[in-house]
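Open the model in your viewer and keep the sequence panel beside it. The tour goes from a whole chain to the interface and then to single residues in loops.

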2 protein chains.
Amino acid sequence: MKLYELEGLAGRHYSSFSWRTRMALAHKGIAFESCPVRISDKAAIAFSGQGKVPIIQDGETVVSDSWKIAEYLEKQYPDAPSLFGGAIGMGTSRLINAWTDRQLLGTLAAAIAPEIVQIVDEGDSAHLAAGFEKGFGKPMAEFKAGQEASLKRFRQALDPLRATLRNQPFICGAAPAYADYIVFSLLQWARIVSFAPALEEGDAVGAWFERLLDAHGGLGRSEPARTGAGR
Amino acid sequence: MKLYELEGLAGRHYSSFSWRTRMALAHKGIAFESCPVRISDKAAIAFSGQGKVPIIQDGETVVSDSWKIAEYLEKQYPDAPSLFGGAIGMGTSRLINAWTDRQLLGTLAAAIAPEIVQIVDEGDSAHLAAGFEKGFGKPMAEFKAGQEASLKRFRQALDPLRATLRNQPFICGAAPAYADYIVFSLLQWARIVSFAPALEEGDAVGAWFERLLDAHGGLGRSEPARTGAGR
């Protein structure tokens with residue numbers, strides 16, 4: 001099993017979408033080889049017939065898009081622990097995926113954009129900066145000033161998760177599964193990329209995140225948190 | 001099976017939380033007797049040991065709180081169609097319940113508050129108006145002017161559901177289950193209470209809502225949409 005994924009300077013696996021796939025593979029107990037890809041290097045992933053990572057190559061089979069990869073793993077490895085727990089869990093997980101991408105990811109991206117462009121090479125940095133400037137309609141120099149306000153919005157947007165964790169240790173109940181990894185992937189992205197604490201101290205979401213960093217042999221925690229000045 | 005629930009003028013079953021329970025009962029194929037309760041009539045539901053509806057009475061067993069009722073029905077009636085499809089579906093549905101209550105319900109309540117107080121008796125109207133004024137920090141007279149802006153925020157907040165419905169007909173996948181009924185309950189509340197269209201024409205969320213109005217023998221559609229001037 002090969003996982004094609006973004007890699008930053010110092011071998012950082014910083015992509016939030018890649019972390020959804022990493023945790024899904026670990027949940028299924030599938031060892032994988034990480035194959036680093038630069039954003040600007042479309043030629044390296046041309047074999048997948050599209051231009052985005054993560055991509056998995058499982059023998060002859062190539063699947064791209066973190067959601068489709070999770071569906072594939074669930075179908076292809078039905079005897080390993082389930083990511084969704086059946087059709088209803090898969091349906092509801094897809095809504096949680098859309099909620100994460102549409103109501104959480106943007107506020108966090110705005111907060112950590114200036115730090116993301118520091119931990120990738122020059123070509124990827126220019127590519128990402130152009131995307132952030134276009135997406136948020138402001139020059140990179142203006143992001144830093146809005147960091148605290150963006151993080152505050154992000155923490156507020158996590159409020160439904162906070163309430164849920166009053167009643168159960170994981171989104172998926174007593175044990176983590178794919179819907180946990182979806183939201184986890186954002187906080188892991190922030191942990192790898194940013195010096196700013198994504199959560200306030202004492203937040204129940206933080207305790208949940210720590211539990212997930214420890215899950216599956218500590219796969220999440222084995223990826224170093226942000227250190228160093230970057231480029 | 002008795003369902004104690006709010007009732008407005010002309011026998012309207014207008015409570016969004018009650019609709020979660022109504023649809024859950026229908027999903028399980030359980031016939032129920034509706035027992036109307038006025039908000040101000042705490043004595044009528046003192047038997048439940050708390051002060052809120054919906055409440056179900058199933059033989060000797062009394063359960064209050066729409067979420068706890070769903071859990072009870074799932075456990076007590078395991079051979080009827082499942083509301084959650086297992087532990088993961090139950091966990092993820094709880095997050096969707098919290099998302100609905102914390103990021104959808106408030107904006108819709110602000111939009112339809114002036115119409116809610118029209119369709120209940122004088123005592124309940126005064127009680128609800130006081131709650132809206134305290135909750136939103138403005139007098140009832142000011143709600144109407146903000147209706148369109150509130151509805152716009154509500155429609156935006158539904159964006160993750162809209163995206164999800166591009167890939168599947170229901171939140172729970174190929175067929176509806178409890179997570180569908182949670183979000184359905186808000187639109188049903190608006191349909192019963194308000195003349196304002198909660199959704200824009202052509203919205204995929206509207207087509208999903210229509211499918212749910214037809215589900216379980218048209219239980220949802222059998223409740224009349226708002227007509228008449230009210231009090």
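Helices (H or I, at least four residues) and strands (E, at least two) are taken here as DSSP runs, numbered from the N terminus. This is a predicted model, in which local features need pLDDT of at least 70 and side-chain atom pairs count only at pLDDT 80 or more, while totals for chains, interfaces and linings use all residues. Residues are numbered from 1 along each chain as its sequence is written, chains are lettered from A and ligands numbered from 1 in the order in which they are written, and side-chain values use heavy atoms, with hydrogens and water left out.

Select chain A and colour it by secondary structure: 8 helices and 4 strands should appear, and from the N terminus they follow the order β-α-β-β-β-α-α-α-α-α-α-α. The radius of gyration of chain A, 17 Å, is close to the 17 Å that the globule rule gives for 231 residues, so chain A is as compact as a globular protein of that length; the radius is taken over C-alpha atoms, and the rule is 2.2 Å times the number of residues to the power 0.38. Along the principal axes, the C-alpha trace of chain A spans about 50 × 45 × 30 Å.

Now colour chain A by burial, where buried means under 20% relative accessible area, exposed over 50%, and partly exposed in between (1.4 Å probe, protein chains only). Of the 231 residues in chain A, 56% are buried.

Next, show both chains and select the contacts between them, that is, heavy atoms within 4.5 Å: 32 residues of chain B touch 32 residues of chain A in this sense. About 2500 Å² is buried between the two chains, 61% of it from carbon and sulfur atoms, the buried area being the accessible area (1.4 Å probe) that two parts lose on being put together, summed over both. On the chain B side, pick Ile88(B), Leu95(B) and Arg102(B), which lose the most area to chain A, together 27% of what that side buries.

Where in chain A should you look for Pro54(A)? Go to the loop between β2 (33-37) and β3 (55-58), where a cis peptide bond with omega of about 5 degrees joins Val53(A) and Pro54(A). In chain B, a cis bond likewise joins Val53(B) and Pro54(B).

Finish with two loop residues of chain A. Ala10(A), between β1 (2-6) and α1 (16-27), has a positive phi of about 55 degrees and is exposed at 77% relative accessibility. Asp65(A), between β4 (61-64) and α2 (66-76), has a positive phi near 90 degrees and is partly exposed at 38%.
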